[in-house]
Amino acid sequence: MSAPTRRLTTAQALVRFLSAQYTERDGVRRRLIAGTWGIFGHGNVAGVGQALVEYADVMPFHQGRNEQSMVHAAVGYARQLNRLSAQAVTTSIGPGATNLVTGAALATINRLPVLLLPGDYFASHAPDPLLQQLEHPVEADVSVNDTLRPVSRYFDRITRPEALIPSALQAMRVLADPAETGAVTLALPQDVQAEAYDWPEEFFAERVWYVRRPAPDPVELSTAIEAIRSAERPLIVAGGGVHHSEAEDALKAFVEATGIPVASTQAGKGSLRHDHPADLGGIGHTGTAVSDELARTADLVIGVGTRYTDFTTASGTLFQNPDVRFLNLNITGFDAHKLAARTLVCDARTGLEKLAEGLSGHRVSEAYEAESRAGKARWDEVVEAAYRAADENAVPTQTQVLGALDAAVGDDDVVINAAGSLPGDLHKLWRSRSPRQYHLEYGYSCMGYEIPAGIGVQQAAPGTPVWALVGDGTYLMMPTEIVTAVQEGLPVNIVLLQNHGYASIGGLSEETGGERFGTAYRFRAADGTFTGAPLPVDLAANAASLGMHVLRAKTVRELREALASARASDRPTCVYVETDPAPTAPPAEAWWDVPVAETASREAAVAARERYDRQAAGRRRHL
């Protein structure tokens, strides 16, 4: 007797399959693919598009305006839900597919799940070449979708209907695996999308993917416990893995038992509340003075769920104690072995709990605790000074904007940012009050991420006030998803800071001998230089034209009032403020390696190279 089958097109089978996939961790079950974003063209409208109509009752659909930003929205959604639920993104072939590459890179670099379903050429090659097809003279099976291979954690081109079965299962495995997750791409030739096949009924059965919490190896655990017991100046570096594992309470219990202070990466900020005695704030190039001071003298650095990027290590110059050693607790061996560390390859929450058990009764010295708490108190005064406005009727500085927002938000509000000078100011100054409040995409630092990510976060956490902080440069990259927020009725708040140029890169250009060339939005003179008044561009009017309610604030007082109104609004709202461009954030406490011209005739570049050589001399190889 033959097994029961169901005759569907490949696209219909895929959508029906996706609607029956779930994750489960700690007894909580979620849809693995909770919805699908799409922009339709000839490469997906008759296949995936028709399938989404066919199964509209089980697969929610969201209409986007830009393919890259649809991926950003899906990434924001997945991060808000600690990677336990994701979304799919479907596009046509050609530019629709290649627009996915930036978003895919962002997802994979940040270890966040998203399923990409780009259309592809005809597998039969019946019409060849077709509209938007890339022709390769010696590789006929290549398409533009192959650009997604290096930025995907799993990639397959489904050239036969039956090939979908093993590939779809592998795709779900990768998306749900905390050690392997990232962008997953199933390229779908458009003729195969529409081709019918007799699918085994069990392919559509409900399937649960259990998100594991692997425990540490006993030998590694014993070695880690001994390393901590023998350290006099240990320091924890909390990364994004703390949040992904929902290990915040375990971290809190661990530091309260041991007294070990905690510094955080951009992805890990908020692992402890800002007012916890052990929380020192950000670390590295954009870190706080107290974090970086303790990092320089630490004899044991305990990385929990961190990748140790160059911002965290100050390009290899931060950890200067001659005897410093590293202990890395990470779910991937790849990250755990960085900096020649002792390794503890396991789930962050499980690992912290096991360490706490093994360290029962152990605590750092009173003198070390007092030193870290005194440094924290000094930095709190720096934050207050940066936030404070002496004149409520003056044009606000960027740090005063953050101070006004700090006063306006509640504990559960989400603040989103990704690029420009804001990430540095936020990492140093923002006072995180809950694990998901601080949402910085700094693995790829992608301009244009904030607004679509805000939409994804709002979808994942209905009723939560969401704030997308964008400068004028970022806004000009990708404002189009404002229309999506309006269409979907999502009350995302945008705080739009206008300083008439690329402030962050302008400062970096000056520091590295580039003399701020090409970083201001000004009229171009005949000699190629940028001079004169700012361009007559009204970004607030642009936001209003896309359907947002816009509040203009010219002073600190007006800004406070506008933020309060935006938070109380039930519609997408933009608070627009022109800021005083003078930098007011505390200077960097650690170096960042951006190579400077080794030879030049201009004085600025020569001086910059001299500074560079002095800083680079402090780099260490931790072996």
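A residue counts as buried when its relative accessible area is under 20%, as exposed when that area is over 50%, and as partly exposed in between, using a 1.4 Å probe and protein chains only. On that basis, 57% of the 623 residues of the protein are buried. This is a predicted model, in which local features need pLDDT of at least 70 and side-chain atom pairs count only at pLDDT 80 or more, while totals for chains, interfaces and linings use all residues. Residues are numbered from 1 along each chain as its sequence is written, and side-chain values use heavy atoms, with hydrogens and water left out.

The protein has 24 helices and 25 strands, taken as DSSP runs (H or I, at least four residues, for helices; E, at least two, for strands) and numbered from the N terminus. Its radius of gyration is 25 Å, close to the 25 Å that the globule rule gives for 623 residues, so the protein is as compact as a globular protein of that length. That radius is taken over C-alpha atoms, and the rule is 2.2 Å times the number of residues to the power 0.38. Along the principal axes, the C-alpha atoms fill a box of roughly 75 × 70 × 55 Å. With contact meaning heavy atoms within 4.5 Å, 76% of the contacts between residues at least 6 apart in sequence join residues at least 24 apart.

One element to trace is an open sheet of six strands, with parallel pairing and the order β5-β4-β6-β7-β9-β8. Two strands pair if DSSP finds at least two bridges between them. At the edges stand β5 (61-63) and β8 (154-157); each has a single partner strand, so one side of each lacks a neighbour in the sheet. From one strand to the next, the twist averages 20 degrees. Within the sheet, β7 (residues 114-120) and β9 (residues 183-189) are joined by five bridges in the parallel sense, and L116 lies opposite T185 in β9. Helix α1 (residues 10-18) packs on this sheet, touching β4 (33-38), β7 and β9, and its direction makes about 175 degrees with that of β7. Such angles run from 0 to 180 degrees between N-to-C directions, with axes fitted to C-alpha atoms, for helices over the stretch in contact.

The cysteines come last. A disulfide is a pair of cysteine sulfur atoms within 2.5 Å, and by this rule there are zero disulfides. The sulfur of C446 has its closest cysteine sulfur in C574, 20 Å away, which is too far for a bond. C446 is buried at 6% relative accessibility, and C574 is buried at 0%.
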